[in-house]
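Here is a set of exercises to work through with the model open beside you. Try each task on your own before reading its solution.

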Amino acid sequence: MRRLLLLFLLLVLVAPAFAQETLLKSGPMLGYSTHREVAVWVQTTEPADVQVRYRPEGSTDAFAVSDVVRADRDSWLTAEVTLFGLEPGTRYVYDVLLDGTPVARPYETVFQTQTLWQWRTDPPEFTIAFGSCAYVNDPP
């Protein structure tokens, strides 16, 4: 009887974590990043409430939590969560919450806001690549 009870408790504790991993189909993927906001995109396998909790890297403060975005069939089970009120030039750690439960990832989830360079320093360097449609006629 004890073994059965122990097995039941183990399943009750482990099943929610496994369910959240199977609920996540794609992502998280970072979208745009500005001085004070960042977008995070996810896709689920079924309708779910999506949130992101985040805080500055190395901070022991409580996590801030985003508004709830519903991933449903009308949005192809995708959700884009926008995080507002961030500090410029700061690295943040974050977790995706599906229906209120964090989804464990096998890698570190971090993002960084852009530094506030306007009227302070030169703009950051960037590279542009140009291309065109290429057609190569294969020999017969």
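The exercises below concern a predicted model, and each one is followed by a worked solution.

**Exercise 1. Strand pairing**

Find the strands that pair with S2, and state the sense of each pairing.

*Solution.*

Step 1. Start with strand S1, residues 24–33, which runs antiparallel to S2 and is joined to S2 by 5 bridges. The connection between S1 and S2 is a hairpin of 4 residues. To place the register, take Leu24, whose bridge partner in S2 is Thr44.

Step 2. Now turn to strand S6, residues 78–83, which pairs with S2 over 6 bridges, again in the antiparallel sense. Here a useful marker is Val42, which stands opposite Ala79 in S6.

Step 3. Finally, check how covered S2 is. Strand S2 spans residues 38–44, and 6 of its 7 residues are buried. As a general reminder for viewing, side chains in a regular strand alternate between the two faces of the sheet.

**Exercise 2. Salt bridges across the chain**

How many salt bridges does the structure hold? Work through the pairs Glu87 with Arg36, Asp49 with Arg70, and Arg91 with Glu57, and locate each partner.

*Solution.*

Step 1. The count is 4 salt bridges, and the three named pairs are among them.

Step 2. Glu87 and Arg36 meet through their side chains, with an N to O distance of 3.8 Å. This pair links distant parts of the chain, 51 residues apart: Glu87 sits in the loop between S6 and strand S7 (91–98), and Arg36 in the loop between S1 and S2. Glu87 is partly exposed because its relative accessibility is 43%, between the limits of 20% and 50%. Arg36, at 42%, is partly exposed too.

Step 3. Asp49 and Arg70 form a salt bridge whose closest N and O atoms are 3.2 Å apart. Asp49 belongs to strand S3 (residues 48–56) and Arg70 to strand S5 (residues 69–71), so the pair ties together parts that are 21 residues apart in sequence. Relative accessibility is 31% for Asp49, which counts as partly exposed. Arg70 is also partly exposed, at 40%.

Step 4. In the pair of Arg91 and Glu57, the closest N and O atoms are 2.8 Å apart. Arg91 lies in strand S7 and Glu57 in the loop between S3 and strand S4 (64–65), so that 34 residues separate these distant parts of the chain. Arg91 has a relative accessible area of 36% and is partly exposed. Glu57 is partly exposed as well, with 36%.

**Exercise 3. Thr90 and its surroundings**

Is Thr90 buried or exposed, and which residues is Thr90 in contact with?

*Solution.*

Step 1. Locate Thr90 in the loop between S6 and S7.

Step 2. Compare its relative accessibility with the cut-off: Thr90 is at 19%, and buried means under 20%, so Thr90 counts as buried.

Step 3. Look for a polar partner. The Thr90 side chain reaches the backbone oxygen of Glu87 at 3.2 Å.

Step 4. Set aside the neighbours within four places in sequence, and the contacts of Thr90 are Pro56, Phe111, Gln112 and Thr113.

**Exercise 4. Backbone details**

Which peptide bond is cis, and where do Leu77 and Trp119 lie?

*Solution.*

Step 1. The bond from Gly27 to Pro28 is cis, its omega being near 0 degrees. Pro28 is part of strand S1.

Step 2. Leu77 is not a glycine, yet its phi is positive, about 60 degrees. Leu77 lies in the loop between S5 and S6, and a relative accessible area of 9% makes Leu77 buried.

Step 3. Trp119 likewise has a positive phi of about 60 degrees without being a glycine. Trp119 lies in the segment after S9 and is exposed, with a relative accessible area of 84%.

**Exercise 5. A nonpolar surface patch**

Which residues form a nonpolar patch on the surface?

*Solution.*

Step 1. The patch is formed by Phe126, Ile128 and Phe130, which together have about 460 Å² of accessible area.

Step 2. Take Phe130 as the example: Phe130 is in the segment after strand S9 (110–112). Its relative accessibility is 80%, so Phe130 counts as exposed.

Methods: Residues numbered from 1 in each chain as written. Predicted model: local features only at pLDDT ≥ 70, side-chain atom pairs only at ≥ 80, totals over all residues. Heavy atoms only, no water. Patch = residues over 30% accessible without salt bridge, like charges linked within 9 Å, V, L, I, M, F, W, Y side chains within 5 Å. Areas by Shrake-Rupley, 256 points an atom, 1.4 Å probe, with all protein chains shown as cover. Helix = DSSP H or I, 4+ residues; strand = E, 2+ residues; numbered from the N terminus. Buried < 20%, exposed > 50% of the residue type's maximum accessible area, 1.4 Å probe, protein only. Pairing = 2+ DSSP bridges. Polar contact = N/O pair within 3.5 Å; in protein donor to acceptor, adjacent residues only side chain to side chain. Contact = heavy atoms within 4.5 Å.
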